Amino acid sequence: MTKNNSTTSPAYHIGLEDKHGAHNYHPLPVVLSEGRGCYVWDVEGKKYFDFLSAYSAVNQGHCHPRIIDAMVAQSRKLTLTSRAFHNDQLGEYEKYLTDYFTFDKVLPMNTGAEAVETAIKLCRKWGYDKKGIPADQARIIVCGQNFHGRTTTIISFSSDPDAKGSFGPYTPGFVTVPYGDVAAMQAALANDPATIAGVLVEPIQGEAGVFVPQDGYLAAVREACKAHNVLFIADEIQTGIGRTGALLRICGDCTCQGHCERQPATYLRPDILILGKALSGGTYPVSAVLADDAIMEVIKPGQHGSTFGGNPVACAVAKEALEVIIDEKLTQNARALGHIFRARMQELVDGYPNLLKLVRGKGLLNAVIINDSPESKTAWNLCVALAEAGLLAKPTHGNIIRFAPPLVISEKELHEACDIIAGVVKAYA
Ligand SMILES: *Cc1c(COP(=O)(O)O)cnc(C)c1O
């Protein structure tokens, strides 16, 4: 189906955004108007594989019929009450979510950044109320090259000059250590541990370029936190909910078949778990902070909240989105197809070492590193060529291309997509 209406040409839409929207993004010149499963279509009817999945928010595939039905049905009944009153969706959702991830309680929010903010506040308050940290002295250890969102406090501990520069003054109380460095983390934890409330980590650094820490890193951090009575906070906004071939990345390469009821031996249970993105299957902003009673109970009425957090539509959508993950075995699919994808990309890396440096990742969160400087346009040019060939991906940090299709992609479709990537690489090299 090709539309020839000039008012829907890509240039028209790009021009409107350019003129009327803030220039806080630099998108590929593709204007999308429809999506289904692992595919999206542009305004001219051209079909693409979506290999970004809205930064892993669309794990369940675009416009998943079950999730859309849940959203429409709930939207017809009741959309928002605020938390000034109860609603008949929130409790059911909270029970479902806390059973699913085996925590006592959840604090529902909307965007990922809000959930990270919530975890920081929860951690600090626990530090004062439970650990006995002197007033205003609490510190949280974070990792270099982190990405946890865009609020003023969160960018205060970013090491990305674009994200942080000229937005000060910054929120104090954060200590940065290099990611993946056990000794540095242990040293930071041993330095005045009585004032350290928490450690905030991404189990894989997605935005930084899919950095997978060495085996044993997360376990060592988990142990060190325990030893110093410090909360271990896992930001699984991008890595969680099946993406890396485990329900949570913190589960490691588990064999729990995508559901953690049986608590696999490799599960490094965080004290605070942060979820977002795919929690709604990409239909609606839904985020969550999970913790057990001994931590969550420090937040009392009036001390934190959100007008939209825990609204009936969000609850109905998130419950359905999590059921889809189990029913369609998406975690298992991500694990199996991840091996195939990396094997296909490794063939390309071996065949075109001048252009491609390496492939890395877990499950269907992967990146190919381009053999060129981060300042070069090579990765961008490859992504433009990929789009022309029918596959959408986006460079990150100049010379890294992240490949993260919806987890509903089939093996046959994955091979077709790999053929597209191979064709573009071959033509470019
Ligand atoms: C995307 C992301 C966030 C921020 O989520 P938003 O919904 O964009 O605010 C935080 N942490 C990680 C690891 C993310 O990938």
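**The ligand site and the two sheets**

An oxygen atom of the ligand lies 2.8 Å from a polar backbone atom of Gly 112. The model is a predicted one, and the description below starts from this ligand before turning to the sheets. At Ala 113, too, a polar backbone atom is found 2.8 Å from an oxygen atom of the ligand. A nitrogen atom of the ligand is involved at Phe 147, where the distance to a polar backbone atom is 3.4 Å. The ligand taken alone would expose 380 Å², and the protein buries 81% of that area.

Gly 112, Ala 113 and Phe 147 belong to a wider shell around the ligand, which also includes Thr 111, His 148, Gly 149, Glu 202, Asp 235, Ile 237, Gln 238 and Lys 277. By character, the shell comprises three nonpolar, five polar and three charged residues.

The description now turns to the sheet of seven strands. This sheet is open, its strands follow the order 4-10-9-8-7-5-6, and the pairing is mixed. At its edges stand strand 4 (105-109) and strand 6 (174-177), each of which pairs on one side only. On average, neighbouring strands of the sheet are turned by 20° against each other, direction ignored. Within the sheet, strand 8 (residues 231-235) and strand 9 (residues 272-275) are paired in the parallel sense over three bridges. Ala 234 has Leu 273 of strand 9 opposite it. Strand 8 runs over residues 231-235, and Asp 235 is among the residues surrounding the ligand.

Two helices may be followed across this sheet. Helix 4 (residues 90-101) lies across strand 4, strand 9 and strand 10 (287-291), and runs at about 120° to strand 4. Helix 9 (residues 217-227) lies across strand 5 (139-143), strand 7 (196-201) and strand 8; its angle to strand 8 is about 145°.

Two backbone features deserve attention in the loops. Most residues other than glycine have a negative phi, and most peptide bonds are trans. Thr 102, in the loop between helix 4 and strand 4, has a positive phi of about 55° although it is not a glycine. The peptide bond from Gly 168 to Pro 169 is cis, with omega near 0°, and Pro 169 lies in the loop between helix 7 (161-164) and strand 6.

The other sheet to consider has four strands; it is open, with the order 1-2-3-13 and mixed pairing. Strand 1 (32-36) and strand 13 (391-392) each have a single partner strand, so one side of each is left without a neighbour in the sheet. Strand 1 pairs with strand 2 (residues 39-42) in the antiparallel sense over four bridges, and Trp 41 in strand 2 is the bridge partner of Glu 34. Helix 14 (residues 411-428) packs on this sheet, where it touches strand 2, strand 3 (47-50) and strand 13. The direction of helix 14 makes about 105° with that of strand 3.

Note on methods:
Residues numbered from 1 in each chain as written. Predicted model: local features only at pLDDT ≥ 70, side-chain atom pairs only at ≥ 80, totals over all residues. Heavy atoms only, no water. Near = heavy atom within 4 Å. Polar contact = N/O pair within 3.5 Å; in protein donor to acceptor, adjacent residues only side chain to side chain. Areas by Shrake-Rupley, 256 points an atom, 1.4 Å probe, with all protein chains shown as cover. Nonpolar A, V, L, I, M, F, W, Y, C, P; charged D, E, K, R; others polar. Pairing = 2+ DSSP bridges. Contact = heavy atoms within 4.5 Å. Axes fitted to C-alpha atoms, helices over the stretch in contact; angles between N-to-C directions.
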